[in-house]
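Trainee: I've got a model open and a pile of labels I'd like to see justified. Could we go through them, value against definition?

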Amino acid sequence: GSERENEALQARQRANSAVKAELQELQARTSELYAEYQTETASLRRQFEEEQTERKELEEKFTERVGETQTVVSDLVRKSHEEQRVIEKDMEGVEELSHAKERAQQEV
């Protein structure tokens, strides 16, 4: 009986060794996968931060351009009003000349 017990014990030890080897392989693979996961996560985080930075820069440029456009439009409106006043003064001058001409003709 002792020999059979010995064989059974050796068979169990071989089975245990096989399970241990498989477990070690699984642990190694798990470590690899976790390392890949960490690398990928870090890469995605970097990409996300770069995109956020880019978006912020674009928003700042957009705000800047809107400000510049508003300044240009304000200047154009102001110049337009100034030109309108000049034209109105010219028209008044033309009317005065026309009246003066009429008076001069009436005096003759």
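**Labels and their cut-offs**

Trainee: Why is R45 called partly exposed?

Mentor: R45 has a relative accessible area of 48%. Buried means under 20%, exposed means over 50%, and partly exposed is in between (1.4 Å probe, protein chains only). R45 at 48% falls in that middle band, so it's partly exposed. Before we go on: this is a predicted model, where local features need pLDDT of at least 70 and side-chain atom pairs count only at pLDDT 80 or more, while totals for chains, interfaces and linings use all residues. Residues are numbered from 1 along each chain as its sequence is written, and side-chain values use heavy atoms, leaving out hydrogens and water.

Trainee: What makes the stretch that holds R45 a helix?

Mentor: R45 lies in helix α1, which covers residues 2-107. Helices are DSSP runs of H or I, at least four residues, and strands are runs of E, at least two, numbered from the N terminus. The chain has one helix and zero strands.

Trainee: How do you know that the chain is more spread out than a compact globule?

Mentor: The radius of gyration, taken over C-alpha atoms, is set against the globule rule of 2.2 Å times the number of residues to the power 0.38. For 108 residues the rule gives 13 Å, and the chain comes out at 46 Å, well over that, so it is more spread out than a compact globule. The C-alpha trace spans about 155 × 15 × 10 Å along its principal axes. A8 and S98, 90 residues apart along the chain, have C-alpha atoms separated by 131 Å. R45 and V66 are 21 residues apart in sequence and 31 Å apart in space, C-alpha to C-alpha.

Trainee: How many of the residues count as buried?

Mentor: The figure is 0% of the 108 residues. The chain exposes about 10600 Å², with carbon and sulfur atoms supplying 52% of it. Those areas come from the Shrake-Rupley method with a 1.4 Å probe, and for residues only the protein chains shown count as cover.

Trainee: What makes R55 and E59 a salt bridge?

Mentor: A salt bridge is a side-chain nitrogen of Lys or Arg within 4 Å of a carboxyl oxygen of Asp or Glu. R55 and E59 meet at 3.3 Å, N to O, so the pair passes the 4 Å limit. They sit four residues apart in helix α1, about one turn. R55 is partly exposed at 45%, and E59 is too, at 40%.

Trainee: Why are D75, R78 and E82 called a network?

Mentor: They're linked by salt bridges, with R78 taking part in both contacts I can show you. R78 meets D75 at 3.7 Å and E82 at 3.1 Å, so each passes the 4 Å test. R78 and D75 are three residues apart, whereas E82 and R78 are four apart; each spacing is about one helical turn. Relative accessibility is 42% for R78, 31% for D75 and 35% for E82. A search of the whole structure finds four salt bridges.

Trainee: What makes E49 part of a patch of negative charge?

Mentor: Patches take residues with over 30% relative accessible area and no salt bridge, joining like charges within 9 Å and nonpolar side chains (Val, Leu, Ile, Met, Phe, Trp, Tyr) within 5 Å. E49, at 45%, clears the 30% mark. It gathers on the surface with E50, E51, E54, E57, E60, E64 and E68. Asp and Glu count as negative and Lys and Arg as positive, with His and the chain ends not counted.

Trainee: And how many charges does the chain carry in total?

Mentor: There are 17 positive and 27 negative side chains, and the centres of the two sets lie 6 Å apart. Each charge is placed at NZ of Lys, CZ of Arg, CG of Asp or CD of Glu.
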